[in-house]
Amino acid sequence: MYYDLICSLPHLPDFEKAKWLPISPLRLRQRLNRLSPSHAEQLDHARSLIGWREQRLLGDQDRIATLPGLIDEKLDTPLHDYIEFRMTQKSLLAALRWKHDGQDLSDEPHRWGIGPRAHHIRKHWRLSCFGLEHVFPWLPMVSERLSSGDAIGLERMLVRLNWQWLTRCAEQSMFGFQAVMAYVFKWDMLQAWLACDPSRAKARFTELIDKVTHVANA
């Protein structure tokens with residue numbers, strides 16, 4: 001259990017309400033030094049592959065092929081489950097984008113054909129959302145945003161899906177590794193979201209300038 005570590009982490013506001021990160025990358029790394037070597041190694045490896053980045057998830061197909069090797073490793077169950085969740089999501093998104101771009105099913109299937117749903121996708125390629133809309137209710141909304149070119153709306157929806165998954169995960173063990181894991185991945189999403197939000201970036205810049213000016217004039 002990680003009581004001290006969890007208690008040392010400031011509350012993460014909802015990504016759509018946050019104006020800045022409540023803890024810096026350096027401070028977060030310092031807090032994570034309290035993890036056991038095994039948990040630290042697992043989290044670092046997983047984070048390097050599935051941690052949210054400023055580059056939109058839609059452009060992340062090249063990393064899909066690296067995920068099966070990671071999920072085959074010996075991982076704590078919550079981390080394994082989240083990697084599988086992300087792997088499935090990434091594969092479905094890549095396949096939808098491939099389809100919307102008019103690519104043929106046989107064109108470089110390794111670019112999207114990774115994960116537990118790969119066979120189903122190939123078999124039901126011509127169906128809307130591959131016939132998986134009842135399993136993944138968000139797929140039709142993804143397809144709609146792809147068709148309309150609504151990149152921001154799509155990113156918001158994807159972040160929300162992952163945010164909710166991680167929140168539920170953390171609630172199952174408030175002071176366990178899964179709570180730490182959920183915090184770190186949500187922090188990654190929040191950092192990427194703020195970096196990609198021009199209005200908030202401008203507001204933060206203005207606030208920093210005001211602080212500097214205030215200090216200089218003091």
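Student: Why are helix H5 (residues 77–100) and helix H7 (residues 139–148) called oblique to each other?

Tutor: In this predicted model, the axes of helix H5 and helix H7 come within 10 Å and cross at roughly 40°. Angles under 35 degrees count as roughly parallel, over 145 as roughly antiparallel, and 65 to 115 as roughly perpendicular, with the rest called oblique. The crossing of roughly 40° falls in none of the named ranges, and H5 and H7 are therefore oblique to each other. The crossing in which H5 passes H7 is right-handed.

Student: Which residues make H5 and H7 meet?

Tutor: From H5 come Leu92, Leu93, Leu96, Arg97 and His100, and they meet Leu139, Val142, Ser143, Leu146 and Ser147 of H7. Sorted by class, this contact has 6 nonpolar, 3 polar and 1 charged residues.

Student: What makes His100 count as buried, exposed or partly exposed?

Tutor: His100, which is found in helix H5, has a relative accessible area of 33%. Buried means under 20% and exposed means over 50%, with partly exposed in between. The value of 33% lies between those two limits, so His100 is partly exposed.

Student: Which residues does His100 touch, leaving aside its neighbours within four places in sequence?

Tutor: With those neighbours left aside, His100 is in contact with Ser143, Leu146 and Ser147. The C-alpha atoms of His100 and Ser143 are separated by 8.1 Å, while the two residues are 43 residues apart along the chain.

Student: Why are helix H3 (residues 37–50) and helix H9 (residues 177–195) called roughly parallel?

Tutor: H3 and H9 pack at an angle of about 30°, with their axes 11 Å apart. The limit for roughly parallel is an angle under 35 degrees, and about 30° meets that limit. H3 and H9 are therefore roughly parallel to each other, and H3 passes H9 in a right-handed crossing. On the H3 side the contact is made by His39, Leu43, Ala46, Arg47 and Ile50, and on the H9 side by Phe177, Met181, Val184, Phe185, Trp187 and Asp188. These residues divide into 8 nonpolar, 1 polar and 2 charged.

Student: What makes H2 and H9 roughly antiparallel?

Tutor: The axes of H2 and H9 come within 12 Å and cross at roughly 170°. Angles over 145 degrees count as roughly antiparallel, and roughly 170° is over that limit, so H2 and H9 are roughly antiparallel to each other. Here Pro25, Leu28 and Leu32 of H2 meet Val180, Tyr183, Val184, Trp187 and Gln191 of H9. By class, the residues of this contact are 7 nonpolar, 1 polar and no charged.

Student: Which residues have the most contacts inside the largest nonpolar core?

Tutor: They are Met181 and Phe185, and that core has 59 residues. The elements that give two or more residues to this core are helix H1 (3–8), helix H2 (25–32), H3, H5, H7, helix H8 (151–171) and H9. Of these, H9 gives the largest share, 14 residues. In soluble globular proteins, nonpolar side chains tend to be buried together. Not counting residues up to four places away in sequence, Met181 touches Leu43, Pro78, Leu79, Tyr82, Trp165, Leu166 and Cys169.

Student: How do you know that Cys129 and Phe130 count as buried?

Tutor: Cys129 is found in the loop between helix H6 (118–123) and H7, and Phe130 is found in the loop between H6 and H7 as well. The limit for buried is under 20% relative accessible area. Cys129 has 5% relative accessibility and therefore counts as buried, and Phe130, with 0%, therefore counts as buried too.

Student: What is said about phi in Cys129 and Phe130?

Tutor: Phi of Cys129 is near 55°, a positive value in a residue other than glycine. Phe130 has a positive phi of about 60°, although Phe130 is not a glycine.

Student: What makes Asp81 partly exposed?

Tutor: Asp81, which is found in helix H5, has a relative accessible area of 35%. Partly exposed covers the range between 20% and 50%, and Asp81 is therefore partly exposed at 35%. Asp81 and Cys169 are 88 residues apart in sequence and 9.7 Å apart in space, C-alpha to C-alpha.

Student: How many helices and strands are there in the chain?

Tutor: The chain has 10 helices and 0 strands, and 43% of its 218 residues count as buried.

Notes: Residues are numbered from 1 along each chain as its sequence is written. This is a predicted model: local features need pLDDT of at least 70, side-chain atom pairs count only at pLDDT 80 or more; totals for chains, interfaces and linings use all residues. Side-chain values use heavy atoms; hydrogens and water are left out. Axes are lines fitted to C-alpha atoms, for helices over the stretch in contact, and angles run from 0 to 180 degrees between N-to-C directions. Helices (H or I, at least four residues) and strands (E, at least two) are DSSP runs, numbered from the N terminus. A crossing is left-handed if the near helix is turned anticlockwise from the far one by less than a right angle, and right-handed if clockwise. Contact means heavy atoms within 4.5 Å. Ala, Val, Leu, Ile, Met, Phe, Trp, Tyr, Cys and Pro count as nonpolar, Asp, Glu, Lys and Arg as charged, and the others, Gly among them, as polar. A nonpolar core is a set of buried Ala, Val, Leu, Ile, Met, Phe, Trp, Tyr and Cys residues joined through side-chain atoms within 4.5 Å. Buried means under 20% relative accessible area, exposed over 50%, partly exposed in between (1.4 Å probe, protein chains only).
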